[in-house]
Amino acid sequence: LGDVYKRQVDGKHWTDAHFPNNMKVSKDQAYTILSAASHSIFMHVTTNTRAGTEFGHILKSNSNGTSYVVTASNVNRNSAGFVDFEQLADLEGIAIINTVSNADDAKRGSRKALKSMITHNDGADWDYLQPPSVDSNGKKYECTGGSINECSLHLHGFTERADPRDTFSSGSAIGMMIGVGNVGDKLGAYLDGSTFLTRDGGVTWKEVKKGVYQWEYGDQGSIIVLVNGQDSTNIISYSLDEGKSWSDYQFTDDLVKVNDISTVPSDDSKKFLLFTKLPSNRGDKSTVYQVDFSQLLKRKCNLDLKNPDTDDFDLWSPKHPHQPD
């Protein structure tokens, strides 16, 4: 394979696809195709194969996939070949990755130190995620006042996801992302994390809950539902204003472990399902609860870009964090 691989261009014929001239990889390296949603192919090529500390470069192609450049280095992957790379649904040019900040030490077997980064221009530039000014209790973070390298937001990505469908974003909730992470100089332990949300494509973030929560979008993003993803509970939290405020609802008298929260694949329903089990010391009974928001919202949000008079959404364009107004 070396620095060239074959790319099918029209369903019938194949042509050479060239890697950067200064990038040499062996034939037994791992390759992961990440996305082609923006008309360029994003590909992860493993450069460190040491078990438990794998990482590599993300390459981006030209429009027909025949020429590649390195767009991000030392990007985290796991032993199964999955990569911490996720594009924001239905909003081109925005993606989040986790990079290995101690790459040289990781090659020698040290534990990987991960830092999250975001692009708003399809990989041309990558920046650390801007942290919220205060946490969900209104208190400043310990690292507040430090440089962005010492104090940024970090999110647990695809390599730690129990269900690959639990993505940061949804195509029905344009510009919104939810994730579990922490503010600091690197990504901490998952169970020590908090739950964060952005409403503007990752430019600004807000800590909405202390702890690890599962999330689901509904009714084109006008409903957001959170439920404890770590401990037994009988409470869900929901927002009807894109995460600006939250209310709690007790859905059962028993404490249960919520294995999953779900709605229709299009995320435009006002009904949610909670798949639960009793705590392990109380048997293995499984129960599914339905939570219906129809009485709170009398009609579904209407997304109709061709008819602004009946459309419930405002058009806006994201900008780079350093772009002047």
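**Exercise 1. The two cavities**

Task: Determine which residues line the second largest cavity of this predicted model, and how they divide by class.

Solution.
Step 1. The lining of the second largest cavity consists of Phe42, Phe85, Gln87, Gly93, Ile94, Ala95, Thr119, Asp122, Gly123 and Trp126. The model that contains this cavity is a predicted one.
Step 2. Sorted by class, this lining has five nonpolar, four polar and one charged residues.
Step 3. The space inside the second largest cavity is about 30 Å³. A search of the whole structure finds two cavities of 30 Å³ or more.
Step 4. A general principle helps with the reading of such results: rolling a probe the size of a water molecule over the atoms shows where empty space is left.

Task: Describe the largest cavity by its volume, its lining and the strands that contribute to the lining.

Solution.
Step 1. The volume of the largest cavity is about 40 Å³.
Step 2. Its lining is made up of Asp84, Phe85, Glu86, Ile96, Ile97, Asn98, Leu155, Gly157, Phe158 and Phe168.
Step 3. Two elements, β7 (85-87) and β8 (95-100), give two or more residues each to this lining. The largest share, three residues, comes from β8.
Step 4. The classes in the lining of the largest cavity are six nonpolar, two polar and two charged residues.
Step 5. Phe85 appears in the lining of the largest cavity, and Phe85 is also listed for the second largest cavity.

**Exercise 2. A sheet of four strands**

Task: Establish the order of the strands in the open sheet that contains β16, and explain why β15 and β18 each have one side without a neighbour.

Solution.
Step 1. The open sheet has four strands in the order β15-β16-β17-β18, and their pairing is antiparallel.
Step 2. β15 (213-218) and β18 (247-250) stand at the edges and have a single partner strand each; therefore one side of each lacks a neighbour in the sheet.
Step 3. On average, neighbouring strands of this sheet are turned by 25° against each other, direction ignored.
Step 4. The pairing can be followed from strand to strand. Six bridges connect β15 and β16 in the antiparallel sense, and tyrosine 213 stands opposite asparagine 228 in β16.
Step 5. Four bridges, again antiparallel, connect β16 (residues 223-228) with β17 (residues 235-239). Here isoleucine 224 has serine 239 of β17 as its bridge partner.
Step 6. The connections complete the picture. The hairpin of β15 and β16 has four residues between the strands, and in this hairpin aspartate 219 takes a positive phi near 50°. A hairpin through six residues joins β16 to β17.

Task: Decide whether the residues of β16 are buried or exposed, and state which way they point.

Solution.
Step 1. Residues count as buried when their relative accessible area is under 20%.
Step 2. Six of the six residues of β16 are buried, so the strand is largely enclosed by the rest of the structure.
Step 3. In a regular strand the side chains alternate between the two faces of the sheet.
Step 4. In β16, Ile223, Val225 and Val227 point one way, while Ile224, Leu226 and Asn228 point the other way.

**Exercise 3. A sheet of three strands**

Task: Identify the order of the open sheet that contains β20, and its edge strands.

Solution.
Step 1. Three strands form this open sheet in the order β19-β20-β21, with antiparallel pairing.
Step 2. The edges are held by β19 (257-262) and β21 (286-292); each has a single partner strand, so one side of each is left without a neighbour in the sheet.
Step 3. From one strand to the next, the twist averages 25°.
Step 4. β20 (residues 271-277) pairs with β21 over seven bridges in the antiparallel sense. Leucine 274 stands opposite tyrosine 289 in β21.

**Exercise 4. Valine 134**

Task: Locate valine 134 and describe its surroundings.

Solution.
Step 1. Valine 134 lies in the loop between β10 (127-128) and β11 (152-155).
Step 2. The relative accessible area of valine 134 is 32%. Partly exposed residues fall between the cut-offs of 20% and 50%, and valine 134 is therefore partly exposed.
Step 3. Not counting residues up to four places away in sequence, valine 134 touches Lys139, Lys140 and Tyr141.
Step 4. Lysine 206 is 72 residues away along the chain, yet its C-alpha atom is separated from that of valine 134 by 8.2 Å.

**Exercise 5. The whole chain**

Task: State how many helices and strands the protein chain has, and what share of its residues is buried.

Solution.
Step 1. The protein chain has one helix and 21 strands.
Step 2. Of its 325 residues, 48% are buried.

Conventions: Residues are numbered from 1 along each chain as its sequence is written. This is a predicted model: local features need pLDDT of at least 70, side-chain atom pairs count only at pLDDT 80 or more; totals for chains, interfaces and linings use all residues. Side-chain values use heavy atoms; hydrogens and water are left out. Two strands pair if DSSP finds at least two bridges between them. Axes are lines fitted to C-alpha atoms, for helices over the stretch in contact, and angles run from 0 to 180 degrees between N-to-C directions. Buried means under 20% relative accessible area, exposed over 50%, partly exposed in between (1.4 Å probe, protein chains only). Contact means heavy atoms within 4.5 Å. On a 1 Å grid over the protein atoms alone, a cavity is a set of points where a 1.4 Å probe fits but cannot get out, and a pocket is an open set with protein on both sides within 12 Å along at least five of seven lines; lining residues have an atom within 4 Å of a point. Grid points are joined across faces, edges and corners, and a volume is the space filled by probe spheres set on the points. Ala, Val, Leu, Ile, Met, Phe, Trp, Tyr, Cys and Pro count as nonpolar, Asp, Glu, Lys and Arg as charged, and the others, Gly among them, as polar.
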